[in-house]
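Trainee: Got a minute to go through this one with me? I'd like to start with a detail and work outwards.
Mentor: Sure, put it up.

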Amino acid sequence: MKFLVCISNVPDTTTKIAFTPDNKEFNKAGVQFVINPWDEYALTRAIELKEAQGGGTVTVLNVGEADTEPNIRKALAIGADDAIRVNAHPKDAFFVAQQIASIAKDGGYDVILMGKESIDYNGFQVHGMVGELLGIPTVAPAMKLDLSGNTATLEREIEGGKEIVEVNTPFVASCQQPMCEPRIPNMRGIMTARTKPLKVVEATADAARTEVAAFALPPQKQGVKLIPAESAGDLIRLLRNEAKVI
């Protein structure tokens, strides 16, 4: 069975966010980048399923420029067999989905996995677009994934409960906890990752469908006002006129 796991390169969760002077791009200066945490669930589960089946391959795919390669190598150290990098800036969700679909179509993959969203943009879009472009089912967000032959059983979160879904390969699934416990690379994995294949391909010529007009930081938190218990009227006035929540 052939697994394709799509990974994103995102700022570490402790990063202090800043933008370029025109507020149209994220300022990468001094920022530590990591594998998108949601994608780590997809990667680890693909490796577990390959091991349980006693064979198969796990390929990681990233749409990004050369600076993403350290985290691609980390994914190889975790246990992926090989990697593909589409040499392009991830312009928007549809552009990324087109690149993934192109690679997936040529590679004949049985299972395409990714995180439910990236922690930088929280778009929750790419998986559905990939499934539509390939004409195959998409299950999102999946909390559990098991395989029996060519049939997958997935548990997905829905409002007020969960849903059990069965689907035949090929399919796309986006992953979230508690699917598995993400793995940490060991020394042997780090050493072998250096020699595992990492293929770089050029992007298709498709243009992005959206453009960022501007980014803005959230307003700074204001000071706390303490209102005596006997001044309930003042509290109501402040909530109505200043906080504007009532």
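Trainee: Where does P178 lie?
Mentor: P178 sits in the loop between β10 and α5. Keep in mind that this is a predicted model.

Trainee: What kind of peptide bond joins Q177 and P178?
Mentor: A cis one, with omega about 5°.

Trainee: And the bond from T169 to P170, cis or trans?
Mentor: That peptide bond is cis too, with omega near 0°. P170 is in the loop between β9 (161-168) and β10 (171-175).

Trainee: Let's stay with backbone geometry. What is phi of N23 near?
Mentor: Phi of N23 is near 60°, a positive value, and N23 is not a glycine. Its place is the loop between β2 and β3. N23 counts as partly exposed because its relative accessibility is 33%.

Trainee: What about phi of F124?
Mentor: Phi there is near 55°, again positive in a residue other than glycine. F124 lies in the loop between β6 (111-115) and α4 (126-134). Its relative accessibility is 37%, so F124 is partly exposed.

Trainee: Zoom out. How many helices and strands are in the chain?
Mentor: The protein chain has 6 helices and 11 strands. Its C-alpha trace spans about 70 × 45 × 40 Å along the principal axes.

Trainee: What share of the residues is buried?
Mentor: 43% of the 246 residues. The accessible surface is about 13,900 Å², and carbon and sulfur atoms hold 52% of that.

Trainee: How do the contacts split by sequence distance?
Mentor: Take contacts between residues at least 6 apart in sequence. Of those, 68% join residues at least 24 apart.

Trainee: Can you give me an example of a distant pair?
Mentor: Try Q53 and L147. They are 94 residues apart along the chain, and their C-alpha atoms are separated by 8.9 Å. Beyond its neighbours within four places in sequence, Q53 is in contact with M1, F3, L147 and G149.

Trainee: Which helix holds Q53, and is Q53 buried or exposed?
Mentor: Q53 is in helix α1 (residues 37-53). It counts as partly exposed, because its relative accessibility is 37%.

Trainee: K50 is in α1 as well. Buried or exposed?
Mentor: K50 is buried, because its relative accessible area is 15% and the cut-off for buried is under 20%. Leaving aside neighbours within four places, K50 is in contact with F3, G55, G56, T57, V58, G79 and D81.

Trainee: On to charges. How many are there of each sign?
Mentor: There are 26 positive and 31 negative charges, and their mean positions are 3 Å apart.

Trainee: Why would side chains of opposite charge pair at all?
Mentor: They can pair when their charged atoms come close. In this model the count is 9 salt bridges.

Trainee: Where are K28 and D67, and what does that pair tie together?
Mentor: K28 is in the loop between β2 (9-11) and β3 (33-35), and D67 is in the loop between β4 (57-64) and α2 (69-78), so the pair ties together parts that are 39 residues apart in sequence. The bridge is 3.7 Å, N to O. K28 is partly exposed at 38%, and D67 is partly exposed at 46%.

Trainee: Which other side chains meet in a salt bridge?
Mentor: Among them are E163 and R156, at 2.8 Å, N to O. E242 and K225 also meet, at 2.8 Å, N to O. That second pair links distant parts of the chain: E242 is in the segment after α6 (232-241), and K225 is in the loop between β11 and α6, 17 residues apart. K225 is exposed, with a relative accessible area of 52%.

Trainee: Which residues are linked in a network?
Mentor: R45, E48 and D146 are linked in a network of salt bridges.

Trainee: Last topic, the surface. Which residues form a nonpolar patch?
Mentor: M187, I190 and M191 do, with about 300 Å² of accessible area together. M187 is in helix α5 (residues 187-193). M187 counts as exposed because its relative accessible area is 58%.

Trainee: What about T195, in the loop between α5 and β11 (198-202)? Buried or exposed?
Mentor: Exposed, because its relative accessibility is 68%. T195 and L76 are 119 residues apart in sequence, and 9.6 Å apart in space, C-alpha to C-alpha.

Technical notes:
Residues numbered from 1 in each chain as written. Predicted model: local features only at pLDDT ≥ 70, side-chain atom pairs only at ≥ 80, totals over all residues. Heavy atoms only, no water. Helix = DSSP H or I, 4+ residues; strand = E, 2+ residues; numbered from the N terminus. Buried < 20%, exposed > 50% of the residue type's maximum accessible area, 1.4 Å probe, protein only. Contact = heavy atoms within 4.5 Å. Patch = residues over 30% accessible without salt bridge, like charges linked within 9 Å, V, L, I, M, F, W, Y side chains within 5 Å. Areas by Shrake-Rupley, 256 points an atom, 1.4 Å probe, with all protein chains shown as cover. Salt bridge = Lys/Arg side-chain N within 4 Å of Asp/Glu carboxyl O. Lys, Arg positive; Asp, Glu negative; His and termini not counted. Charge placed at Lys NZ, Arg CZ, Asp CG, Glu CD.
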